[in-house]
Amino acid sequence: MVPVRRSHLRLLAPVLEPSGAPALDDHALLAGLERREPPAAAAFYDRARPIVERTLSRLLGRSDPDYEDVAQAALYELIQTLKTFRHECPLDAWLAIVTARVTYRQLRRRRLERRFFAQTPADTLPFDPAALPVPFATRQAIERVRAHLSCMNDKHSWTFLLHDACGYSLVQIAQIMDTSVSAAQTRLVRGRREIHERIGADAGLARFFDDLSEELP
């Protein structure tokens with residue numbers, strides 16, 4: 001199993017300022033929204049905004065030029081689909097899943113541009129981890145992994161990232177990608193196998209992860 005390090009990203013400044021509205025429990029919040037009460041709308045924004053930002057920071061990256069547009073689209077989607085929330089999971093989890101779904105759709109529309117992953121083929125990037133300081137070697141390793149992922153089927157690479165890098169369950173991934181749980185499981189198996197094979201065939205990258213494994217307790 002290839003070790004995967006989670007990136008620590010700072011949240012982007014809020015799209016709007018927090019309203020300062022008092023916190024409401026889930027049932028009162030949803031009931032207020034159904035009645036179109038302004039205080040409930042403000043409370044919902046305060047509840048959803050940090051979850052939207054956190055999810056986008058993990059999946060899209062705070063420096064992405066479309067970050068704010070996707071954040072607005074996610075908030076709009078949350079309002080439009082709120083009536084479909086069935087209390088089958090915590091409200092916060094549902095907010096994150098819907099945001100991830102909006103992000104996934106946005107990135108699929110940009111697939112031809114390959115803006116999410118590096119476009120340079122991994123095997124053309126010189127990489128000798130032993131000759132580089134650790135921070136630089138780590139950055140280059142990440143870029144090489146991204147380059148390999150960009151060459152894969154996007155459904156397989158996204159399932160791998162959502163599950164192994166971001167910690168979403170197969171049930172959540174099926175909701176995000178609008179597919180079945182069994183299909184998500186198949187994509188995960190294929191994605192893992194291919195990325196591991198690609199890393200194993202990349203001498204510099206394989207050496208980087210071997211060295212990293214030796215350093216871990």
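# Asking "why" of a predicted model

Trainee: What makes Arg-35 and Glu-37 a salt bridge?

Mentor: The closest N and O atoms of Arg-35 and Glu-37 are 2.7 Å apart. The cut-off is 4 Å between a side-chain nitrogen of Lys or Arg and a carboxyl oxygen of Asp or Glu, so this pair qualifies. Do keep in mind that the model is predicted.

Trainee: Is Arg-35 buried or exposed, and how do you know?

Mentor: Arg-35 has a relative accessibility of 54%. Exposed means over 50%, so Arg-35 is exposed.

Trainee: And why does its partner Glu-37 get the label "partly exposed"?

Mentor: Glu-37 comes out at 30%. Buried needs a value under 20% and exposed one over 50%, so Glu-37 falls in between.

Trainee: How many salt bridges does the structure hold?

Mentor: There are 8 salt bridges in the structure. One of them is formed by the side chains of Arg-47 and Asp-26, with N and O 2.9 Å apart. Arg-47 belongs to helix α2, residues 38-59, and Asp-26 to helix α1, residues 26-34. The two are 21 residues apart, and the pair links distant parts of the chain.

Trainee: What makes Asp-92 and Arg-47 a salt bridge?

Mentor: Their side chains come to 2.7 Å, N to O, and 2.7 Å is within the 4 Å limit, so the label holds. This pair also links distant parts of the chain: Asp-92 lies in helix α4, residues 91-109, while Arg-47 lies in α2, 45 residues apart.

Trainee: Why speak of a network for Asp-26, Arg-47 and Asp-92?

Mentor: Look at the two pairs again. Arg-47 meets Asp-26, and Arg-47 also meets Asp-92. Salt bridges thus link the three residues in a network.

Trainee: Are these three residues buried or exposed, or something in between?

Mentor: Arg-47 has a relative accessible area of 24%, Asp-26 has 26%, and Asp-92 has 34%. The in-between class starts where buried, under 20%, stops and ends where exposed, over 50%, begins, so Arg-47, Asp-26 and Asp-92 are partly exposed.

Trainee: Let me turn to the cysteines. How many disulfides are there?

Mentor: The count is 0 disulfides. A pair of cysteine sulfur atoms would have to be within 2.5 Å, and a count of 0 means that no pair passes that test.

Trainee: How do you know whether Cys-151 and Cys-166 are buried or exposed?

Mentor: Cys-166 has 11% relative accessibility, under the 20% limit, so Cys-166 is buried. Cys-151 has 46%, which is neither under 20% nor over 50%, so Cys-151 is partly exposed.

Trainee: Now the helices. What is the secondary structure of the protein chain?

Mentor: The chain has 9 helices and 0 strands. Of its 217 residues, 43% are buried.

Trainee: What do you call the way α2 sits against α3, and why?

Mentor: The axes of α2 and helix α3, residues 67-81, come within 10 Å and cross at roughly 135°. That angle is over 115, where roughly perpendicular ends, and not over 145, where roughly antiparallel starts, so α2 is oblique to α3. The crossing is right-handed. Residues making the contact include Phe-44, Tyr-45 and Leu-56 of α2, and Tyr-67, Val-70 and Leu-78 of α3.

Trainee: Which residues make the contact between α4 and α6?

Mentor: First the geometry: α4 and helix α6, residues 154-165, have axes that come within 12 Å and cross at roughly 145°. α4 passes α6 in a right-handed crossing. Tyr-104, Leu-107 and Arg-108 of α4 meet Asp-154, Lys-155 and Trp-158 of α6.

Trainee: One more pair of labels. What makes His-148 and Ala-43 buried?

Mentor: His-148 has 8% relative accessibility, and Ala-43 also has 8%. Buried means under 20%, so His-148 and Ala-43 are buried. His-148 is found in helix α5, residues 134-150, whereas Ala-43 is in α2.

Trainee: How far is His-148 from His-196?

Mentor: They are 48 residues apart in sequence and 10.0 Å apart in space, C-alpha to C-alpha.

Notes. Residues numbered from 1 in each chain as written. Predicted model: local features only at pLDDT ≥ 70, side-chain atom pairs only at ≥ 80, totals over all residues. Heavy atoms only, no water. Helix = DSSP H or I, 4+ residues; strand = E, 2+ residues; numbered from the N terminus. Buried < 20%, exposed > 50% of the residue type's maximum accessible area, 1.4 Å probe, protein only. Axes fitted to C-alpha atoms, helices over the stretch in contact; angles between N-to-C directions. Parallel < 35°, antiparallel > 145°, perpendicular 65-115°, else oblique. Left-handed = near helix turned anticlockwise from the far one by under 90°. Contact = heavy atoms within 4.5 Å.
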